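Biologist: I'd like a close look at one part of this model, please. Take me through the sheet and whatever packs around it.

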Amino acid sequence: MGLLTNKVERSEIKAGDHIYTYRAIFAYSHHGIYLGGSKVVHFTPRQHANSSSDMSSDLYDTISSCPTFPDCGFRQPNSGVVMSCLDCFLGKGSLHCFEYGVTPSVFLSRVRGGTGTIAASDPPDAVIHRAMYLLQNGFGNYDVFQNNCEDFALYCKTGLLIMDRLGVGRSGQASSVIGAPLAAILSSPLTLLMPSPVGVATVTAGMYCLSRYATDIGVRTDVIKVAAEDLAVNLGWAGHVEQEAVDDVAANRPPLIG
């Protein structure tokens with residue numbers, strides 16, 4: 001992997017790696033955990049899977065017609081965590097590998113978020129354990145800014161959970177989206193002092209990079225290590241999951257005759 005791109009060949013990835021691919025002409029990236037054997041576990045919106053408005057609709061269309069693996073697209077009911085083959089995960093995109101333990105200078109040099117983190121990765125067996133556990137038990141509700149596919153992969157790799165659920169999640173993509181307008185707002189008062197377009201652009205770029213850096217899980221102070229088995233309790237999913245199970249049973253229960 002180079003400084004400007006994390007693109008890799010299939011032969012280079014190993015079980016437990018955090019991989020991603022770009023979609024919609026590089027508008028966003030989709031992330032997952034590689035299990036080995038050409039299998040990937042990833043997190044997607046569970047509602048409206050076949051809707052054209054869903055960012056992952058192209059992924060579901062590919063999975064539904066997968067000729068290679070009969071279990072491609074496996075997921076538990078009411079869960080957005082999916083296991084698919086590598087071909088379906090990538091679709092028509094190229095393969096990239098997310099970097100862990102990058103230096104602050106390298107992190108700040110990356111113009112686009114969602115390619116690496118300062119945080120260190122846990123060993124592959126711990127990563128795979130979390131991914132497989134969440135495949136069976138879910139990862140809560142999908143949220144573009146607070147609980148997306150990159151958040152899922154980052155948690156599997158590090159086990160880190162953000163305590164303040166009101167702020168931005170772990171995702172570098174979300175930080176980039178929020179950081180860009182934030183940088184413009186913060187730098188706008190400085191335009192009076194720096195009338196040169198080059199000066200304004202430099203300040204804006206600096207603020208953008210700093211905003212991304214401040215939200216990286218490798219430097220945040222509001223993160224804690226949480227076991228996958230305790231995740232539902234920490235995020236308040238337990239009661240919600242139990243209620244969904246009750247609702248499912250009630251929906252499938254035959255009517256009483258009396």
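How many bridges join strand E3 to E4, and which way do the two run?

Modeller: Keep in mind that this is a predicted model. Five bridges join E3, which covers residues 39–43, to E4, and the two strands run antiparallel. One pair to click on is His42, whose bridge partner in E4 is Val82.

Now zoom out to the rest of the sheet. There are five strands in an open sheet, ordered E4-E3-E2-E1-E5, with antiparallel pairing. The edges belong to E4 (81–85) and E5 (96–97); each has a single partner strand, so one side of each has no neighbour in the sheet.

Next, the helices. H4, residues 124–137, lies across E2 (28–36), E3 and E4, and its direction is at about 105 degrees to E2. H5, residues 149–158, also packs on the sheet, where it touches E1 (18–23), E2, E3 and E4. The direction of H5 makes about 35 degrees with that of E2.

H4 and H5 meet each other too. Their axes come within 7 Å and cross at roughly 135 degrees, which makes H4 oblique to H5. On the H4 side, the contact is made by Ala126, Val127, Arg130, Ala131 and Leu134. H5 brings Phe152, Tyr155, Cys156, Lys157 and Thr158. Sorted by class, that contact has seven nonpolar residues, one polar and two charged.

Back in the sheet, Ile19 is worth a stop. Ile19 sits in strand E1, and its relative accessibility is 0%, so it counts as buried. Leaving aside residues up to four places away in sequence, Ile19 touches Ile13, His30, His31, Gly32, Tyr34, Val40, Leu86, Phe89, Leu95, His96 and Cys97. Take His30 from that list: it is 11 residues from Ile19 along the chain, and the C-alpha atoms of the two are separated by 8.5 Å.

Finally, some context for the whole chain. You'll find nine helices and nine strands in it, and buried residues make up 46% of its 258 residues. Among contacts between residues at least 6 apart in sequence, 65% join residues at least 24 apart. The accessible surface of the chain is about 13100 Å², and 63% of that belongs to carbon and sulfur atoms.

Methods:
Residues numbered from 1 in each chain as written. Predicted model: local features only at pLDDT ≥ 70, side-chain atom pairs only at ≥ 80, totals over all residues. Heavy atoms only, no water. Pairing = 2+ DSSP bridges. Helix = DSSP H or I, 4+ residues; strand = E, 2+ residues; numbered from the N terminus. Contact = heavy atoms within 4.5 Å. Axes fitted to C-alpha atoms, helices over the stretch in contact; angles between N-to-C directions. Parallel < 35°, antiparallel > 145°, perpendicular 65-115°, else oblique. Nonpolar A, V, L, I, M, F, W, Y, C, P; charged D, E, K, R; others polar. Buried < 20%, exposed > 50% of the residue type's maximum accessible area, 1.4 Å probe, protein only. Areas by Shrake-Rupley, 256 points an atom, 1.4 Å probe, with all protein chains shown as cover.
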